[in-house]
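Student: Could you take me through one part of this model in close detail? I would like to see the surroundings first and then a single residue with its neighbours.

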2 protein chains.
Amino acid sequence: PAWEVVEDHHLEATYEFDDFAEALAFTNEIGELAEAEWHHPDIHLSWGEVGVEMWSHDIGGLHESDFVMAARMDRIYDGDD
Amino acid sequence: PAWEVVEDHHLEATYEFDDFAEALAFTNEIGELAEAEWHHPDIHLSWGEVGVEMWSHDIGGLHESDFVMAARMDRIYDGDD
């Protein structure tokens, strides 16, 4: 999906799914990535939708690693990961 | 945790955890309950925290089943389920 830079501070995107179970499965996939990279987004899981908000807490804003994570989440969503 | 009735419309609570992995595990447990009961809350997963918002979409407000779900989530959190 389209990532947006919000208030020069964080990245935000919403991924869409057919139902709750698929959204939960995606939450687990990006949760696994977050643990592996030790970089944890905020995740808003609801029926058919996963919202992600991400920034680098140590610098209180965006770092290259946020954009790398965003791209990797997109690949997971697209099924290439 | 303490559930609050917000704007006479939905229930809201925040569960606390030691880290992201525990919060994700709880998300899966309540996600499984949501699928079993076919009643799906909004879940906000972040480091060490799971926020839950719940209401009955079909009536646009609170129904007994919301309170039953809330109590079951508390039991899961307390480890009695």
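Tutor: For 81 residues, a compact globule would have a radius of gyration near 12 Å, and chain A agrees because its value is 12 Å. Bear in mind that this is a predicted model. Measured out along the principal axes, the box filled by the C-alpha atoms of chain A is roughly 35 × 25 × 20 Å. Chain A holds two helices and four strands, and their order along the sequence is β-β-α-β-β-α. Of its 81 residues, 46% count as buried. As for the surface, chain A exposes about 4,300 Å², with carbon and sulfur atoms supplying 44% of that area. If we take the contacts in chain A between residues at least 6 apart in sequence, 57% of them join residues at least 24 apart.

Now for the pair of chains. Chain A superposes on chain B with an RMSD of 0.0 Å after a rotation of 180 degrees and 0.0 Å of shift along the axis. The two copies are therefore related as by a two-fold rotation axis. Within chain A, H44(A) has the C-alpha nearest that axis, at 2.2 Å. The copies meet through the same surface, because 100% of the interface residues of chain A are also interface residues in chain B.

Next, the interior. The largest nonpolar core has 42 residues, and those touching the most other members are W3(A), V50(A), M73(A), W3(B), V50(B) and M73(B). Take M73(B) as an example: leaving aside residues up to four places away in sequence, its contacts are W3(B), Y15(B), F26(B), I30(B), L33(B), P41(B), V52(B) and M54(B).

That brings us to the close look, and I suggest E53(B). This residue lies in strand 4 of chain B, which covers residues 49-54. With a relative accessible area of 26%, E53(B) is partly exposed, since that class lies between the 20% limit for buried and the 50% limit for exposed. Again setting aside residues up to four places away in sequence, E53(B) touches H10(B), L11(B), E12(B), P41(B) and D42(B). One of these neighbours, P41(B), is also among the residues that M73(B) touches. With H10(B) there is a further detail: the side chains of E53(B) and H10(B) are joined by a polar contact of 3.4 Å. For a sense of distance, try E35(B), which is 18 residues from E53(B) in sequence and 16 Å from it in space, C-alpha to C-alpha.

Notes: Residues numbered from 1 in each chain as written. Chains lettered and ligands numbered in written order. Predicted model: local features only at pLDDT ≥ 70, side-chain atom pairs only at ≥ 80, totals over all residues. Heavy atoms only, no water. Core = buried A, V, L, I, M, F, W, Y, C linked by side-chain atoms within 4.5 Å. Buried < 20%, exposed > 50% of the residue type's maximum accessible area, 1.4 Å probe, protein only. Contact = heavy atoms within 4.5 Å. Least-squares fit on C-alpha atoms with pLDDT ≥ 70 in both. Rg over C-alpha atoms; globule rule 2.2 N^0.38 Å. Areas by Shrake-Rupley, 256 points an atom, 1.4 Å probe, with all protein chains shown as cover. Polar contact = N/O pair within 3.5 Å; in protein donor to acceptor, adjacent residues only side chain to side chain.
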